[in-house]
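Reader: I'm new to reading protein models. Could you walk me through one, feature by feature?

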Amino acid sequence: MTPGNAAAYVVDCPTGLAGDMLLAACLDLGVPPEVIHAPLRGLGFENAYVLRVEEARNGGLRGLRVDVEGRDPHPSHRHWGELRQRIGNAVLAPSLQARVLSVFTALADAEAAVHGIPADQVHFHEVGAIDSVVDVVGVCAAMEHLQPLSIWCVPPPAGQGSVATAHGRLPVPAPAVLELARRHGVQLRWGDDWPEAELTTPTGLALMAVLADGFGWPDQLAPELVGTGLGHRQLDRPNLLRLIRQHPQPPVETSQPRWQDLIIQEAWIDDVSAEALAWLIQQLRDAGALDVACCPLQMKKGRPGTAVTALVLPDQAEDLRRIWWRDSPTLGLRERRQGRWVLPRRGGVLHTPWGELAAKQVLKPDGTQSVKPERDALQQLAQRAGLSPENLWQQLSQDTPEFNAQQEWTC
(Lines give C-alpha, C1' and ligand atoms only; values in the text may rest on other atoms or scores of the structure.)
Protein backbone atom coordinates (compact mmCIF):
# COMPACT_ATOMS: atom_id res chain seq x y z
CA MET A 1 0.00 0.00 0.00
CA THR A 2 1.40 3.37 -0.96
CA PRO A 3 0.65 6.81 0.43
CA GLY A 4 -1.38 8.82 -2.02
CA ASN A 5 -3.46 5.77 -3.03
CA ALA A 6 -6.28 7.37 -1.08
CA ALA A 7 -9.52 5.60 -0.22
CA ALA A 8 -12.40 5.82 2.20
CA TYR A 9 -12.25 3.76 5.41
CA VAL A 10 -14.82 2.35 7.80
CA VAL A 11 -14.01 1.45 11.41
CA ASP A 12 -16.25 -1.43 12.49
CA CYS A 13 -16.03 -1.98 16.25
CA PRO A 14 -18.62 -4.66 17.17
CA THR A 15 -17.07 -5.38 20.58
CA GLY A 16 -15.53 -2.05 21.41
CA LEU A 17 -13.14 0.73 20.51
CA ALA A 18 -9.64 0.78 22.02
CA GLY A 19 -6.35 2.34 20.97
CA ASP A 20 -4.43 -0.94 20.81
CA MET A 21 -7.12 -2.55 18.63
CA LEU A 22 -7.05 0.41 16.23
CA LEU A 23 -3.26 0.23 16.07
CA ALA A 24 -3.31 -3.53 15.44
CA ALA A 25 -5.90 -3.12 12.66
CA CYS A 26 -3.72 -0.49 10.96
CA LEU A 27 -0.71 -2.82 11.06
CA ASP A 28 -2.81 -5.73 9.78
CA LEU A 29 -3.92 -3.55 6.89
CA GLY A 30 -0.29 -3.17 5.84
CA VAL A 31 1.03 -0.06 7.58
CA PRO A 32 4.80 -0.63 8.08
CA PRO A 33 5.89 -0.75 11.75
CA GLU A 34 8.51 1.94 11.04
CA VAL A 35 5.66 4.38 10.41
CA ILE A 36 4.75 3.89 14.09
CA HIS A 37 8.26 3.94 15.53
CA ALA A 38 9.62 6.99 13.67
CA PRO A 39 7.45 9.68 15.36
CA LEU A 40 7.91 8.03 18.76
CA ARG A 41 11.67 8.43 18.27
CA GLY A 42 11.01 12.05 17.39
CA LEU A 43 9.26 12.39 20.77
CA GLY A 44 12.22 10.80 22.57
CA PHE A 45 10.33 7.63 23.56
CA GLU A 46 12.45 5.15 21.60
CA ASN A 47 13.83 3.57 24.78
CA ALA A 48 10.60 3.78 26.77
CA TYR A 49 8.65 0.90 25.25
CA VAL A 50 8.70 -2.41 23.42
CA LEU A 51 5.97 -2.99 20.84
CA ARG A 52 5.06 -6.64 20.41
CA VAL A 53 2.91 -7.57 17.41
CA GLU A 54 1.64 -11.10 16.92
CA GLU A 55 -0.89 -12.89 14.78
CA ALA A 56 -3.45 -14.51 17.04
CA ARG A 57 -7.03 -15.69 17.26
CA ASN A 58 -9.97 -14.59 19.35
CA GLY A 59 -13.23 -16.50 19.22
CA GLY A 60 -11.83 -18.55 16.36
CA LEU A 61 -11.10 -15.52 14.14
CA ARG A 62 -7.60 -14.33 13.19
CA GLY A 63 -6.12 -10.89 13.46
CA LEU A 64 -3.17 -8.99 14.89
CA ARG A 65 -2.78 -8.25 18.58
CA VAL A 66 -0.37 -5.64 19.93
CA ASP A 67 1.18 -5.34 23.36
CA VAL A 68 3.06 -2.27 24.55
CA GLU A 69 5.52 -3.01 27.34
CA GLY A 70 6.99 -0.07 29.24
CA ARG A 71 10.70 -0.37 29.99
CA ASP A 72 10.69 1.90 33.03
CA PRO A 73 9.68 -0.14 36.11
CA HIS A 74 8.88 3.07 38.02
CA PRO A 75 7.46 5.54 35.48
CA SER A 76 6.94 9.10 36.65
CA HIS A 77 3.46 10.62 36.56
CA ARG A 78 3.89 13.57 34.22
CA HIS A 79 1.17 16.18 33.82
CA TRP A 80 -0.60 16.90 30.56
CA GLY A 81 1.05 20.32 30.38
CA GLU A 82 4.47 18.65 30.28
CA LEU A 83 3.42 16.10 27.68
CA ARG A 84 1.86 18.82 25.51
CA GLN A 85 5.11 20.80 25.58
CA ARG A 86 7.05 17.69 24.61
CA ILE A 87 4.78 17.05 21.63
CA GLY A 88 4.91 20.71 20.59
CA ASN A 89 8.73 20.75 20.66
CA ALA A 90 9.16 17.43 18.84
CA VAL A 91 10.39 17.25 15.25
CA LEU A 92 7.23 15.85 13.64
CA ALA A 93 5.39 16.53 10.42
CA PRO A 94 3.08 19.50 11.16
CA SER A 95 -0.08 17.58 10.21
CA LEU A 96 0.88 14.63 12.40
CA GLN A 97 1.82 16.91 15.29
CA ALA A 98 -1.58 18.63 15.02
CA ARG A 99 -3.44 15.30 15.04
CA VAL A 100 -1.56 13.98 18.06
CA LEU A 101 -2.11 17.21 19.99
CA SER A 102 -5.82 17.21 19.09
CA VAL A 103 -6.34 13.66 20.35
CA PHE A 104 -4.47 14.22 23.61
CA THR A 105 -6.21 17.56 24.12
CA ALA A 106 -9.62 15.89 23.74
CA LEU A 107 -8.56 13.20 26.20
CA ALA A 108 -7.09 15.63 28.74
CA ASP A 109 -10.08 17.98 28.57
CA ALA A 110 -12.46 15.09 29.23
CA GLU A 111 -10.39 13.82 32.17
CA ALA A 112 -10.12 17.35 33.58
CA ALA A 113 -13.89 17.81 33.39
CA VAL A 114 -14.73 14.59 35.24
CA HIS A 115 -12.08 15.21 37.92
CA GLY A 116 -12.87 18.90 38.30
CA ILE A 117 -9.30 20.12 37.75
CA PRO A 118 -7.52 22.25 35.12
CA ALA A 119 -6.44 20.25 32.06
CA ASP A 120 -2.75 21.00 32.63
CA GLN A 121 -2.96 19.24 36.02
CA VAL A 122 -4.27 15.97 34.57
CA HIS A 123 -1.76 13.27 35.44
CA PHE A 124 0.04 11.43 32.69
CA HIS A 125 -1.48 8.13 33.83
CA GLU A 126 -4.95 9.61 33.31
CA VAL A 127 -4.11 10.95 29.87
CA GLY A 128 -2.46 7.58 29.26
CA ALA A 129 0.82 5.99 30.25
CA ILE A 130 3.35 4.90 27.64
CA ASP A 131 0.96 2.35 26.11
CA SER A 132 -1.58 5.07 25.33
CA VAL A 133 1.16 7.33 23.96
CA VAL A 134 2.19 4.56 21.58
CA ASP A 135 -1.45 3.93 20.64
CA VAL A 136 -2.26 7.60 19.98
CA VAL A 137 0.94 8.49 18.14
CA GLY A 138 0.90 5.17 16.26
CA VAL A 139 -2.69 5.42 15.05
CA CYS A 140 -2.29 9.09 14.05
CA ALA A 141 0.90 8.23 12.14
CA ALA A 142 -0.82 5.27 10.47
CA MET A 143 -3.64 7.51 9.27
CA GLU A 144 -1.10 10.00 7.93
CA HIS A 145 0.40 7.09 5.98
CA LEU A 146 -2.93 5.77 4.69
CA GLN A 147 -4.09 9.25 3.59
CA PRO A 148 -7.82 8.41 3.93
CA LEU A 149 -10.33 10.35 1.87
CA SER A 150 -12.73 9.85 4.77
CA ILE A 151 -13.13 7.76 7.94
CA TRP A 152 -16.57 6.63 9.08
CA CYS A 153 -16.82 4.93 12.47
CA VAL A 154 -19.70 2.65 13.45
CA PRO A 155 -21.12 3.77 16.85
CA PRO A 156 -19.15 1.83 19.49
CA PRO A 157 -20.72 -0.21 22.32
CA ALA A 158 -20.32 1.22 25.80
CA GLY A 159 -20.25 -2.10 27.69
CA GLN A 160 -21.57 -2.42 31.22
CA GLY A 161 -20.49 -3.24 34.77
CA SER A 162 -17.43 -1.55 36.27
CA VAL A 163 -13.72 -1.17 35.58
CA ALA A 164 -10.67 -0.94 37.88
CA THR A 165 -8.78 2.37 37.55
CA ALA A 166 -6.19 4.38 39.46
CA HIS A 167 -9.16 5.99 41.25
CA GLY A 168 -10.78 2.69 42.23
CA ARG A 169 -13.64 0.91 40.50
CA LEU A 170 -15.66 3.12 38.19
CA PRO A 171 -18.93 2.40 36.38
CA VAL A 172 -18.91 1.50 32.69
CA PRO A 173 -18.92 3.49 30.53
CA ALA A 174 -16.10 5.25 32.36
CA PRO A 175 -16.72 8.93 33.18
CA ALA A 176 -14.11 10.09 30.65
CA VAL A 177 -15.82 8.03 27.91
CA LEU A 178 -19.17 9.60 28.70
CA GLU A 179 -17.61 13.07 28.70
CA LEU A 180 -15.92 12.47 25.34
CA ALA A 181 -19.19 11.19 23.89
CA ARG A 182 -21.02 14.25 25.21
CA ARG A 183 -18.46 16.74 23.93
CA HIS A 184 -18.17 15.22 20.46
CA GLY A 185 -21.78 14.17 19.91
CA VAL A 186 -21.01 10.44 19.78
CA GLN A 187 -23.88 8.01 20.27
CA LEU A 188 -22.75 4.96 22.25
CA ARG A 189 -24.59 1.69 21.78
CA TRP A 190 -26.16 0.53 25.02
CA GLY A 191 -28.10 -2.51 26.19
CA ASP A 192 -28.22 -5.67 28.28
CA ASP A 193 -26.76 -7.88 25.56
CA TRP A 194 -23.22 -6.51 25.95
CA PRO A 195 -20.63 -8.31 28.11
CA GLU A 196 -19.89 -6.86 31.54
CA ALA A 197 -16.65 -5.13 30.59
CA GLU A 198 -15.23 -1.79 29.48
CA LEU A 199 -15.61 -2.12 25.72
CA THR A 200 -14.88 1.45 24.64
CA THR A 201 -11.87 3.13 26.25
CA PRO A 202 -11.15 6.87 26.54
CA THR A 203 -8.11 6.54 24.26
CA GLY A 204 -10.01 4.69 21.55
CA LEU A 205 -12.94 7.10 21.63
CA ALA A 206 -10.67 10.17 21.65
CA LEU A 207 -8.88 8.87 18.56
CA MET A 208 -12.08 8.41 16.60
CA ALA A 209 -13.69 11.60 17.93
CA VAL A 210 -10.80 13.53 16.36
CA LEU A 211 -9.88 11.43 13.31
CA ALA A 212 -13.28 10.19 12.08
CA ASP A 213 -15.46 12.30 9.81
CA GLY A 214 -18.55 10.95 11.52
CA PHE A 215 -20.17 8.12 13.49
CA GLY A 216 -22.85 5.93 11.96
CA TRP A 217 -23.46 3.08 9.55
CA PRO A 218 -22.30 3.75 5.98
CA ASP A 219 -24.98 3.58 3.30
CA GLN A 220 -22.80 1.24 1.25
CA LEU A 221 -19.97 -1.16 2.10
CA ALA A 222 -17.59 -2.15 -0.68
CA PRO A 223 -14.62 -3.77 1.12
CA GLU A 224 -11.32 -3.84 -0.72
CA LEU A 225 -9.01 -4.69 2.21
CA VAL A 226 -9.73 -5.51 5.85
CA GLY A 227 -7.33 -5.10 8.78
CA THR A 228 -8.34 -6.88 11.99
CA GLY A 229 -7.15 -5.82 15.43
CA LEU A 230 -7.81 -8.21 18.31
CA GLY A 231 -8.62 -7.23 21.87
CA HIS A 232 -6.95 -8.87 24.87
CA ARG A 233 -10.11 -9.71 26.77
CA GLN A 234 -11.93 -13.00 26.16
CA LEU A 235 -15.64 -12.33 25.69
CA ASP A 236 -18.64 -14.45 24.81
CA ARG A 237 -18.00 -13.49 21.16
CA PRO A 238 -14.94 -12.68 19.00
CA ASN A 239 -13.32 -9.54 20.41
CA LEU A 240 -12.09 -7.59 17.42
CA LEU A 241 -12.07 -4.32 15.51
CA ARG A 242 -12.01 -4.13 11.72
CA LEU A 243 -10.54 -1.31 9.64
CA ILE A 244 -12.17 -1.62 6.22
CA ARG A 245 -10.67 0.00 3.17
CA GLN A 246 -13.40 0.72 0.65
CA HIS A 247 -13.14 0.07 -3.08
CA PRO A 248 -12.82 3.36 -4.95
CA GLN A 249 -16.00 4.38 -6.71
CA PRO A 250 -15.98 3.15 -10.32
CA PRO A 251 -15.72 5.86 -12.95
CA VAL A 252 -19.12 7.26 -13.81
CA GLU A 253 -20.12 7.33 -17.46
CA THR A 254 -19.88 10.95 -18.48
CA SER A 255 -23.46 11.18 -19.69
CA GLN A 256 -25.02 9.41 -16.71
CA PRO A 257 -26.39 11.01 -13.54
CA ARG A 258 -24.45 10.38 -10.35
CA TRP A 259 -25.83 9.72 -6.88
CA GLN A 260 -24.67 12.25 -4.29
CA ASP A 261 -25.09 11.76 -0.54
CA LEU A 262 -26.61 14.72 1.26
CA ILE A 263 -27.59 15.72 4.77
CA ILE A 264 -30.75 17.78 5.24
CA GLN A 265 -30.51 20.22 8.14
CA GLU A 266 -33.71 21.95 9.24
CA ALA A 267 -35.05 24.11 12.05
CA TRP A 268 -38.38 25.85 12.64
CA ILE A 269 -37.88 29.39 13.90
CA ASP A 270 -40.48 31.82 15.26
CA ASP A 271 -38.52 34.36 17.29
CA VAL A 272 -36.26 36.29 14.91
CA SER A 273 -36.71 39.32 12.68
CA ALA A 274 -36.75 39.09 8.88
CA GLU A 275 -33.31 40.70 8.84
CA ALA A 276 -31.87 38.10 11.22
CA LEU A 277 -33.42 35.30 9.16
CA ALA A 278 -31.86 36.67 5.97
CA TRP A 279 -28.49 36.85 7.73
CA LEU A 280 -28.75 33.20 8.84
CA ILE A 281 -29.58 32.04 5.32
CA GLN A 282 -26.67 33.98 3.85
CA GLN A 283 -24.25 32.64 6.47
CA LEU A 284 -25.32 29.05 5.74
CA ARG A 285 -24.78 29.58 2.02
CA ASP A 286 -21.41 31.26 2.55
CA ALA A 287 -20.33 28.36 4.80
CA GLY A 288 -20.90 25.81 2.04
CA ALA A 289 -24.58 24.83 2.00
CA LEU A 290 -25.55 23.69 -1.48
CA ASP A 291 -28.83 25.52 -1.10
CA VAL A 292 -31.01 27.02 1.62
CA ALA A 293 -34.77 27.44 1.43
CA CYS A 294 -37.43 28.70 3.80
CA CYS A 295 -41.20 28.56 3.93
CA PRO A 296 -43.83 29.91 6.35
CA LEU A 297 -45.63 27.64 8.80
CA GLN A 298 -47.83 27.91 11.84
CA MET A 299 -46.19 26.76 15.04
CA LYS A 300 -47.52 26.07 18.54
CA LYS A 301 -49.78 28.61 20.22
CA GLY A 302 -50.73 29.86 16.76
CA ARG A 303 -47.46 31.73 16.23
CA PRO A 304 -46.28 32.22 12.63
CA GLY A 305 -42.84 30.78 12.01
CA THR A 306 -40.41 29.86 9.26
CA ALA A 307 -38.98 26.48 8.33
CA VAL A 308 -35.35 26.92 7.25
CA THR A 309 -33.88 23.96 5.34
CA ALA A 310 -30.28 23.56 4.17
CA LEU A 311 -28.85 20.97 1.75
CA VAL A 312 -25.40 19.99 3.02
CA LEU A 313 -22.63 17.66 1.88
CA PRO A 314 -21.75 15.15 4.65
CA ASP A 315 -18.21 16.47 5.15
CA GLN A 316 -19.55 20.00 5.72
CA ALA A 317 -22.28 19.11 8.20
CA GLU A 318 -20.25 19.94 11.31
CA ASP A 319 -19.22 23.38 9.99
CA LEU A 320 -22.84 24.17 9.16
CA ARG A 321 -24.00 23.11 12.63
CA ARG A 322 -21.75 25.78 14.10
CA ILE A 323 -23.52 28.39 11.96
CA TRP A 324 -26.95 27.26 13.20
CA TRP A 325 -25.86 27.46 16.85
CA ARG A 326 -24.14 30.81 16.36
CA ASP A 327 -26.58 32.68 14.16
CA SER A 328 -30.00 31.30 15.04
CA PRO A 329 -31.96 30.98 18.30
CA THR A 330 -32.99 27.38 17.62
CA LEU A 331 -32.56 24.92 20.48
CA GLY A 332 -32.61 21.90 18.19
CA LEU A 333 -31.50 21.04 14.68
CA ARG A 334 -33.05 18.17 12.73
CA GLU A 335 -30.85 16.16 10.40
CA ARG A 336 -31.59 13.31 8.03
CA ARG A 337 -29.46 11.56 5.47
CA GLN A 338 -30.80 11.75 1.93
CA GLY A 339 -29.35 12.04 -1.51
CA ARG A 340 -29.93 13.26 -5.01
CA TRP A 341 -29.17 12.35 -8.60
CA VAL A 342 -27.08 15.01 -10.31
CA LEU A 343 -26.35 15.48 -14.01
CA PRO A 344 -22.85 16.18 -15.36
CA ARG A 345 -22.27 19.89 -15.88
CA ARG A 346 -19.45 22.27 -16.74
CA GLY A 347 -18.95 25.99 -16.62
CA GLY A 348 -18.11 28.27 -19.52
CA VAL A 349 -19.21 31.38 -21.40
CA LEU A 350 -21.64 32.19 -24.20
CA HIS A 351 -20.38 34.60 -26.86
CA THR A 352 -23.12 37.19 -27.48
CA PRO A 353 -23.31 40.48 -29.43
CA TRP A 354 -23.25 42.28 -26.07
CA GLY A 355 -20.25 40.43 -24.67
CA GLU A 356 -19.47 37.18 -22.89
CA LEU A 357 -22.12 35.63 -20.62
CA ALA A 358 -21.19 33.14 -17.89
CA ALA A 359 -23.26 29.97 -18.29
CA LYS A 360 -23.50 26.32 -17.32
CA GLN A 361 -23.78 23.44 -19.79
CA VAL A 362 -25.65 20.28 -18.71
CA LEU A 363 -25.26 16.83 -20.27
CA LYS A 364 -28.40 14.65 -20.18
CA PRO A 365 -28.51 10.83 -20.14
CA ASP A 366 -29.64 10.69 -23.78
CA GLY A 367 -26.54 12.62 -24.83
CA THR A 368 -28.27 15.93 -25.51
CA GLN A 369 -26.93 19.14 -23.98
CA SER A 370 -28.57 22.27 -22.66
CA VAL A 371 -27.13 25.62 -21.63
CA LYS A 372 -28.40 27.90 -18.90
CA PRO A 373 -26.90 31.33 -18.11
CA GLU A 374 -25.83 32.27 -14.61
CA ARG A 375 -28.62 34.54 -13.36
CA ASP A 376 -26.36 37.26 -11.94
CA ALA A 377 -24.35 37.41 -15.14
CA LEU A 378 -27.54 37.55 -17.24
CA GLN A 379 -28.88 40.45 -15.18
CA GLN A 380 -25.64 42.42 -15.53
CA LEU A 381 -25.48 41.85 -19.28
CA ALA A 382 -29.16 42.78 -19.69
CA GLN A 383 -28.59 46.02 -17.81
CA ARG A 384 -25.74 46.95 -20.16
CA ALA A 385 -27.90 46.05 -23.19
CA GLY A 386 -30.88 48.04 -21.95
CA LEU A 387 -33.12 44.96 -21.93
CA SER A 388 -34.87 42.86 -19.34
CA PRO A 389 -33.12 39.56 -18.52
CA GLU A 390 -36.06 37.60 -19.99
CA ASN A 391 -36.03 39.54 -23.29
CA LEU A 392 -32.27 39.23 -23.60
CA TRP A 393 -32.32 35.47 -23.02
CA GLN A 394 -35.22 35.07 -25.46
CA GLN A 395 -33.16 36.78 -28.18
CA LEU A 396 -30.07 34.73 -27.37
CA SER A 397 -32.07 31.47 -27.45
CA GLN A 398 -33.20 32.26 -31.01
CA ASP A 399 -29.64 32.98 -32.18
CA THR A 400 -28.06 29.91 -30.46
CA PRO A 401 -24.84 31.57 -29.31
CA GLU A 402 -21.63 29.56 -29.19
CA PHE A 403 -20.75 28.03 -25.81
CA ASN A 404 -17.05 27.98 -24.88
CA ALA A 405 -16.38 25.43 -22.12
CA GLN A 406 -13.86 26.52 -19.47
CA GLN A 407 -14.16 23.51 -17.14
CA GLU A 408 -14.20 19.72 -17.34
CA TRP A 409 -17.43 17.77 -16.88
CA THR A 410 -18.24 17.23 -13.20
CA CYS A 411 -21.21 15.95 -11.24
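Author: Let's go through helix pairs, sheets, rings and a few odd backbone spots. First, this is a predicted model: local features need pLDDT of at least 70, side-chain atom pairs count only at pLDDT 80 or more, and totals for chains, interfaces and linings use all residues. Residues are numbered from 1 along each chain as its sequence is written, and side-chain values use heavy atoms, with hydrogens and water left out.

Reader: How do I read two helices that pack together? Say, at what angle do α7 and α8 cross?

Author: Start with the elements: helices (H or I, at least four residues) and strands (E, at least two) are DSSP runs, numbered from the N terminus. Axes are lines fitted to C-alpha atoms, for helices over the stretch in contact, and angles run from 0 to 180 degrees between N-to-C directions. Here α7 (residues 175-184) and α8 (residues 202-211) have axes that come within 9 Å and cross at roughly 15°. That makes α7 roughly parallel to α8; the labels are roughly parallel for angles under 35 degrees, roughly antiparallel over 145, roughly perpendicular from 65 to 115, and oblique for the rest.

Reader: Which residues of α7 and α8 meet?

Author: Contact means heavy atoms within 4.5 Å. On the α7 side you'll find Ala176, Val177, Leu180, Ala181 and His184, and they meet Pro202, Leu205, Ala206 and Ala209 in α8. Sorted by class, this contact has 8 nonpolar, 1 polar and no charged residues. The classes work like this: Ala, Val, Leu, Ile, Met, Phe, Trp, Tyr, Cys and Pro count as nonpolar, Asp, Glu, Lys and Arg as charged, and the others, Gly among them, as polar.

Reader: Is the crossing of α7 and α8 left-handed or right-handed?

Author: A crossing is left-handed if the near helix is turned anticlockwise from the far one by less than a right angle, and right-handed if clockwise. The crossing of α7 and α8 is left-handed. Now look at α6 (residues 130-146) with α8: they pack at about 25°, axes 10 Å apart. α6 and α8 are therefore roughly parallel to each other, and their crossing is right-handed. The α6 side of this contact uses Ser132, Asp135, Val136, Val139, Cys140 and Met143, while α8 brings Thr203, Leu207 and Leu211. By class, that's 6 nonpolar, 2 polar and 1 charged residues.

Reader: On to sheets. In what order do the strands of the sheet with β12 run?

Author: Two strands pair if DSSP finds at least two bridges between them. This open sheet of 4 strands goes β13-β14-β12-β15, with antiparallel pairing. β13 (291-298) and β15 (334-342) are at the edges with a single partner strand each, so one side of each has no neighbour in the sheet. The twist averages 25° from one strand to the next. β12 (residues 258-269) pairs with β15 over 9 bridges, and Trp259 stands opposite Trp341 in β15. Helix α10 (residues 317-327) lies across β12, β14 and β15, at about 15° to β12.

Reader: What about the sheet with β16: which are its edge strands?

Author: The order there is β18-β17-β16-β19, an open, antiparallel sheet of 4 strands. Its edge strands are β18 (369-373) and β19 (403-405). A hairpin joins β16 to β17 through 2 residues, and 8 bridges connect the two strands. β17 and β18 form a hairpin too, with 5 residues between them, and Gly367 in that turn has a positive phi of about 95°.

Reader: How do I describe a pair of rings?

Author: A pair of aromatic rings is described by the distance of the centres and the angle of the planes. Rings of Phe, Tyr and Trp (its six-membered ring) pair if their centres lie within 6.5 Å; planes under 30 degrees apart count as stacked, over 60 as edge-to-face and the rest as tilted. The structure holds 2 aromatic pairs. In one of them, Trp80 and Phe104 have ring centres 6.0 Å apart and planes at 35°, so the pair is tilted.

Reader: And the odd backbone spots?

Author: Most residues other than glycine have a negative phi, and most peptide bonds are trans. Here a cis peptide bond joins Val172 and Pro173, with omega about 0°. Pro173 sits in the loop between β7 (168-171) and α7. Gln147 isn't a glycine, yet its phi is positive, about 55°; look for Gln147 in the loop between α6 and β4 (150-153).
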